[in-house]
Structure formats: structure tokens, C-alpha cells
Amino acid sequence: MRDVARLAGVSHQTVSRVLNDHPNVRPETRDRVLAAMRALNYRRNSAARTLVTRRSRTLGLVAFETTLFGPASTLYGIEQAARAAGYFVSVASIRSLDRESVLEAIDRLCEQSVEGIVAIAPKNTVVTALSQAPAELAVVGVGGGGESVPTVCIDNATGAAMATRHLLALGHATVHHIAGPPDWPEARDRIDGWREALYAVAAPVPAPRLGDWSARSGYEQARLLATDPSVTAVFCGSDQIALGALRALHEAGRRVPDEVSVVGFDDVPESGYFLPPLTTVRQDFAELGRRSLDLLIEQLNGGSRTNRRVSLTPTFVVRTSSGPPST
């Protein structure tokens with residue numbers, strides 16, 4: 001810091017203020033200090049800073065190896081929110097969502113002196129593992145079920161009910177559902193929201209068709225639905241499922257939305273370019289990341305773990321894949 005101060009022609013206290021984003025530094029002075037830092041290839045010694053402040057400004061993030069849109073977008077949202085708040089992020093990626101793998105990831109992150117851990121928790125096993133983390137460690141589960149740790153999630157049941165009510169309001173007698181994997185709380189919540197919306201108006205409740213989150217799963221299930229002429233509306237547990245369903249209906253000669261309406265869940269960037277453009281439920285992953293970080297920092301500042309659960313209401317996006325049933 002003294003070398004930087006000497007080159008920039010300022011005091012080392014001024015360099016410290018620039019490093020800590022202190023507001024009482026003139027813009028031209030800040031620019032001169034930053035230029036000197038670049039010229040000297042100066043990097044702050046994080047280890048030394050941790051010893052002095054007892055704060056590493058590093059957060060751990062437990063993620064799992066997947067290309068699924070929801071978890072991948074959640075990871076990005078959390079990382080962006082943490083960096084915007086001035087935290088470094090250390091990611092521990094796991095291949096399996098079992099308890100042992102999650103606990104091993106938590107141990108690796110604790111060895112890096114992280115101040116707290118956010119875990120993407122699409123299954124209850126992740127939440128269970130988080131609850132067994134050291135009591136003094138701030139933790140947040142994102143997207144999972146359970147009440148043993150603080151959690152931030154999308155209100156999947158409300159989103160599913162939005163989709164179902166939309167189709168019922170268009171005049172469809174009932175709505176069929178192609179669901180995600182039943183061992184995911186998100187999939188179960190979407191089934192519950194869909195079913196409750198049908199119960200509320202005494203509409204027939206078909207058995208949900210269970211699969212995974214893939215387009216292949218949607219394609220295979222929709223091929224079966226396409227053979228039943230009474231099927232006029234399908235709510236899909238994800239936009240990828242809906243993509244497969246659209247193809248199966250097209251191959252079967254069932255026109256969308258003239259003969260069958262299709263609604264998805266997620267609002268992936270490509271949803272507006274499906275043929276036809278997909279009506280869907282939108283999740284705000286940036287807000288999910290911000291609220292996760294807020295809940296973690298709340299614990300860091302308060303010095304104790306909370307069991308608070310934050311649920312975010314999704315929004316509904318109407319496009320042209322849904323319409324009234326043909327007469």
C-alpha cells in the first residue's frame with residue numbers, strides 16, 4: 001500500500017479509503033490510486049486482512065453439476081448478488097445431492113474460512129445436510145423444502161395455480177399436468193398448486209403424468225395425451241417439458257393452441273421463440289439471489305441462525321400457446 005501511495009502521490013490512508021470504497025475520496029484521486037495499483041500489479045492480501053478484521057468477505061456456495069435452467073440460473077443470481085455486495089464467492093460443486101456429498105462440500109468450504117454458506121437445495125437431502133452444519137455457521141437453502149434451516153424459494157404452488165386458473169378461465173373443462181420428478185419439492189409443490197386450482201372449481205382432476213424436467217419427458221408423456229381427443233389443456237412442470245410436449249402434439253396433428261393449449265413453468269430465454277411462443281410462469285432468479293444473500297447477511301450481522309422462510313411469488317406471462325378450446 002505504501003508503494004501504491006508513493007506512486008500515486010497520496011497517503012497510504014487514502015489508498016486504504018479507495019480499497020474500501022470510502023465516499024470521501026475525490027474521483028480524480030481515486031483514478032490515480034487505481035492506476036498506480038494496476039501499474040504495480042497490486043493485490044490486496046486477503047489472508048492478512050482476514051487475520052486483522054476476522055472477516056474473510058468470502059461466502060461459500062454449494063451447487064450441483066447440472067444444465068437445468070432453474071438451478072443454473074439460481075447459481076448465477078446468487079453469485080451476482082454476492083459480488084454486488086462486496087463478497088468473494090467460493091463454489092463447491094457436487095455431482096450427487098445426497099447428504100454425504102453436501103456435508104463434504106460444506107467441510108471444504110469451511111476450510112476456506114467462508115463466513116456463511118448458501119446451498120442450492122432442490123431436494124430435502126440438501127436441507128437436511130445444511131441443518132447439520134456447525135451451529136455458528138450462517139446457512140441458507142435456496143429452492144428446497146423443510147423448515148430446519150433458513151430458506152428462500154419460489155412459491156411454486158401459487159405459480160402452478162396461476163397457470164391452471166388461466167387455462168380454466170379460457171373455458172377448458174380441466175387441465176392435464178406433465179410433472180417433474182416427484183422427489184423434488186418444486187415438482188410436488190407444482191402438482192399441489194395445479195390440483196388445488198382444479199379442486200377449487202370442482203373440475204375433474206386427472207392423474208399427473210410424472211417424468212423428469214427434460215424435453216424428452218414432455219415429448220413421451222404428451223404423445224400419450226395426444227391420443228385422447230378430450231385433452232384440450234396441458235400444464236407442464238417446466239418449459240423444457242413444454243418444448244417436448246409441443247413437438248409431440250405437432251407430430252400427432254393436434255394444433256396448438258386451436259386444439260390443445262400448453263403452458264410451461266420457468267420462462268427460459270427461448271420461451272418466446274417456441275412455436276408457438278410459450279405461455280409460462282416466470283421465476284425471478286436475480287431476486288432469488290438477492291433475497292438469499294440478504295437472509296445470509298442478516299444472520300452474519302445478528303450472530304445467530306434463523307429458521308425464517310422467504311417465499312417469492314412468480315409472475316405469469318401470456319403468449320400464444322394458450323387459448324380457448326375449439327367449439
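Author: Two strands pair if DSSP finds at least two bridges between them. Keep that rule in mind for this predicted model.

Reader: How many bridges join β4 and β5, and in which sense do the two strands pair?

Author: Strand β4 covers residues 138–142. With β5 it has two bridges, and the sense is parallel. For one position, look at Gly141: it stands opposite Thr151 of β5.

Reader: Which helix packs on the sheet and touches β4 and β5?

Author: Helix α12, residues 285–302. Its contacts include β1, β3 and β11 as well as β4 and β5. Between the directions of α12 and β4 the angle is about 160 degrees.

Reader: What is the pairing between β5 and β11?

Author: Parallel again, here over four bridges. Strand β5 spans residues 151–154. Thr151 has Arg309 of β11 as its bridge partner.

Reader: In what order do the strands of the open sheet run?

Author: Read across the sheet: β2-β1-β3-β4-β5-β11. That makes six strands, paired in parallel. The edges are β2 (88–94) and β11; each has a single partner strand, so one side of each lacks a neighbour in the sheet. Ignoring direction, neighbouring strands are turned by 20 degrees against each other on average.

Reader: Which helix lies across β1, β2, β3 and β4?

Author: Helix α5, residues 69–84. Compare its direction with that of β1 (58–64): the angle is about 175 degrees.

Reader: Back to the edge strand. Which residues of β11 form the covered face, and which the uncovered one?

Author: Strand β11 takes in residues 309–312. Val310 and Leu312 make up the covered face. Arg309 and Ser311 lie on the uncovered one.

Reader: Where does Ser304 lie?

Author: In the loop that links α12 to β11. Its relative accessibility is 48%. Buried is under 20% and exposed is over 50%. Ser304 therefore counts as partly exposed. Sequence separation and distance are separate readings: Ser304 and Tyr273 are 31 residues apart in the chain, and their C-alpha atoms are 46 Å apart.

Reader: Is Arg188 buried or partly exposed?

Author: Partly exposed, because its relative accessibility is 33%. Arg188 belongs to helix α9, residues 185–200. Set aside neighbours within four places in sequence, and its contacts are Asn124, Pro182 and Asp183. From Gly60, Arg188 is 128 residues away in sequence and 28 Å away, C-alpha to C-alpha.

Reader: Which residues of helix α10 are buried?

Author: In α10 (residues 215–225), the buried ones are Ser217, Gly218, Tyr219, Gln221, Ala222 and Leu225. Next, ask what they pack against. The partners are three strands and a helix: β6 (176–179), β7 (209–210), β8 (233–236) and α11 (239–251).

Reader: Now the whole chain. How many helices and strands are there?

Author: There are 12 of each. The chain has 327 residues, and 50% of them count as buried. Along the principal axes, the C-alpha atoms fill a box of roughly 80 × 45 × 30 Å.

Reader: What share of the contacts joins residues at least 24 apart?

Author: The share is 70%, taken among contacts between residues at least 6 apart in sequence.

Reader: And what does the protein chain expose?

Author: About 15700 Å², of which carbon and sulfur atoms supply 51%. For charge, count side chains: 35 are positive and 34 negative. The centres of the two sets lie 8 Å apart.

Methods: Residues numbered from 1 in each chain as written. Heavy atoms only, no water. Buried < 20%, exposed > 50% of the residue type's maximum accessible area, 1.4 Å probe, protein only. Contact = heavy atoms within 4.5 Å. Areas by Shrake-Rupley, 256 points an atom, 1.4 Å probe, with all protein chains shown as cover. Lys, Arg positive; Asp, Glu negative; His and termini not counted. Charge placed at Lys NZ, Arg CZ, Asp CG, Glu CD. Axes fitted to C-alpha atoms, helices over the stretch in contact; angles between N-to-C directions.
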